[in-house]
Amino acid sequence: MSEMPTLPPRATNQAPGGRWESEASIGRVSGEGVDLSHKVILYLDGITVSFDGFKALDDLTLTIDAGELRCIIGPNGAGKTTMMDVITGKTRPDSGTAFFGQTMDLTRMTEPRIANAGIGRKFQKPTVFENHTVFENFALAMKADKRVRHSLFATSRAGERDRIAAMLTRVRLDRHADRPAGLLSHGQKQWLEIGMLLMQAPRLLLLDEPVAGMTDEETERTAELFIGLAGDHSLVVVEHDMRFVEALGGKVTVLCEGAVLAEGDLATVRADPRVIEVYLGR
Ligand SMILES: Nc1ncnc2c1ncn2[C@@H]1O[C@H](COP(=O)(O)OP(=O)(O)O)[C@@H](O)[C@H]1O
Ligand SMILES: [Mg+2]
């Protein structure tokens, strides 16, 4: 038996730059690239947004830790939705800095790039494909995910089904997989949309009034779901329902007139006279 000749190393492997650089950039869009070395996932500093001279956000400074579950409360018009618009790139601040992890400057990224980097947003109204089944909705969410589509590890049919099955259980829709989404209750539609967001494995989830219109039972289940997601994900939840905020049990930030009025556990901010005056005392 003759010995197999060893191939000489290919010239391209030895060339500096090029090849390795492009592999590194594939890694960066995977959403794993967020630098959490300082345990901070979101850092807003001095953010100001003006609409015709009116400051919707006025020197807003806020930090969210990796894995944290943070509630944002505050009166209507406080700037809660505008803050989410800044984080997701929909609105550019007039001044201030916004960082995702240590390295990603959100004020310089487009909306799709921010989503791809791992920030998922749930708007107040559920937006699911009503004529498709719950299962199909999840499959569509997965297909819409560029990171899965372009992944070096092509997902198999079986792998896809497993991922969807796990998500169905996680958002309590396993018994509804084959029902058209349009037939779900309002709360179930919200869970479906949250599950669809989770299919894209966001590191940071922004949720605007997720339990509005839910029954008490659905609200309790949603609190359990969010508590289970914290740690693996960071969550920023805007909510008026104080029982829900209490059930979540995390740190609470009170926004008022575009800035932080108070921050701490719910009991502490509830006892703050300024918070009672502008918000809770109504
Ligand atoms: N596109 C816009 N043009 C003009 N004013 C806006 C716009 N978006 C928000 N605002 C104003 O900015 C303030 C903050 O709004 P918003 O962020 O929606 O508050 P919240 O979500 O806390 O109720 C409000 O007074 C609102 O009317
Ligand atoms: Mg709002």
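In which order do the four strands of the antiparallel open sheet run? Before selecting anything, keep in mind that the structure on the screen is a predicted model. Select β1, β2, β4 and β5, and you will find these four strands forming an open sheet in the order β2-β1-β4-β5, with antiparallel pairing. At its edges lie β2 and β5 (104-105), each of which pairs on one side only.

**First stop: the antiparallel sheet**

Stay with this sheet and select residues 40-51, which make up strand β1, together with residues 54-65, which make up strand β2; the two pair in the antiparallel sense over eight bridges. To see one of these pairings residue by residue, pick L44, whose bridge partner in β2 is L62. Then follow the chain through the hairpin of β1 and β2, where two residues sit between the strands and where D52 takes a positive phi near 50 degrees.

Another residue to label here is D59, which is found in strand β2 and has a positive phi of about 60 degrees although it is not a glycine. D59 counts as partly exposed because it has 14 C-beta neighbours inside 10 Å, a number that falls between the limits of 12 or fewer for exposed and 20 or more for buried.

Now move to the other neighbour of β1, which is strand β4 (residues 95-100), paired with β1 in the antiparallel sense over five bridges. In this pairing, D45 stands opposite T97 in β4. Adding helix α3 to the selection shows a helix that packs on this sheet and touches β1, β2 and β4, with its direction making about 65 degrees with that of β2.

**Second stop: the surroundings of ligand 1**

With α3 still selected, display ligand 1 and the residues around it, which are F51, A56, G74, N76, G77, A78, G79, K80, T81 and T82. Which helix gives the most to this shell? The answer is helix α3 (residues 80-87), which contributes three residues. Colouring the shell around ligand 1 by class will show three nonpolar, six polar and one charged residues.

**Third stop: the mixed sheet**

Next, select the strands of the open sheet of six, whose order is β6-β7-β8-β3-β9-β10 and whose pairing is mixed. The edge strands are β6 (119-122) and β10 (259-264), each pairing on one side only. If you look along the sheet, neighbouring strands are turned by 20 degrees against each other on average, direction ignored.

Within this sheet, strand β7 (residues 204-208) and strand β8 (residues 234-238) pair in the parallel sense over five bridges, and L206 has V236 in β8 as its bridge partner. Helix α3 comes into view again here, since α3 packs on this sheet as well, touching β3 (69-73), β6, β7, β8 and β9 (252-256), and the direction of α3 makes about 150 degrees with that of β7.

After β7, look into the loop between β7 and α9 (216-229), where E209 lies. E209 has a positive phi of about 45 degrees although it is not a glycine, and with 19 other C-beta atoms within 10 Å, E209 is partly exposed.

**Fourth stop: β9, β10 and helix α11**

At the other side of the sheet, five bridges join β9 to β10, and these two strands run antiparallel. Select V252 and you will see that V252 stands opposite G264 in β10, while in the hairpin of β9 and β10, which has two residues between the strands, E257 takes a positive phi near 50 degrees.

From V252, go on to T268, whose place is in helix α11 (residues 266-270). The C-alpha atoms of T268 and V252 are separated by 9.2 Å, and the two residues are 16 residues apart along the chain. Is T268 buried or partly exposed? It counts as partly exposed, because T268 has 13 C-beta neighbours inside 10 Å.

**Last stop: the nonpolar cores**

In soluble globular proteins, nonpolar side chains tend to be buried together. Here the largest nonpolar core has 51 residues, and those with the most contacts inside it are I87, I119, L206, V237, L248 and V254. Apart from this core lies another, of 17 residues, with I164, L173, A181 and W191 among them. To finish, return to L206 and show its contacts: leaving out residues up to four places away in sequence, L206 touches M84, I87, T88, I119, R121, K122 and V236.

Notes. Residues are numbered from 1 along each chain as its sequence is written. Chains are lettered from A and ligands numbered from 1 in the order in which they are written. This is a predicted model: local features need pLDDT of at least 70, side-chain atom pairs count only at pLDDT 80 or more; totals for chains, interfaces and linings use all residues. A residue is near a molecule or strand if its C-beta atom, placed from the backbone, lies within 6 Å of it. Ala, Val, Leu, Ile, Met, Phe, Trp, Tyr, Cys and Pro count as nonpolar, Asp, Glu, Lys and Arg as charged, and the others, Gly among them, as polar. A nonpolar core is a set of buried Ala, Val, Leu, Ile, Met, Phe, Trp, Tyr and Cys residues joined through C-beta atoms within 7 Å. Two residues are in contact if their C-beta atoms, placed from the backbone, lie within 7 Å. Two strands pair if DSSP finds at least two bridges between them. Axes are lines fitted to C-alpha atoms, for helices over the stretch in contact, and angles run from 0 to 180 degrees between N-to-C directions.
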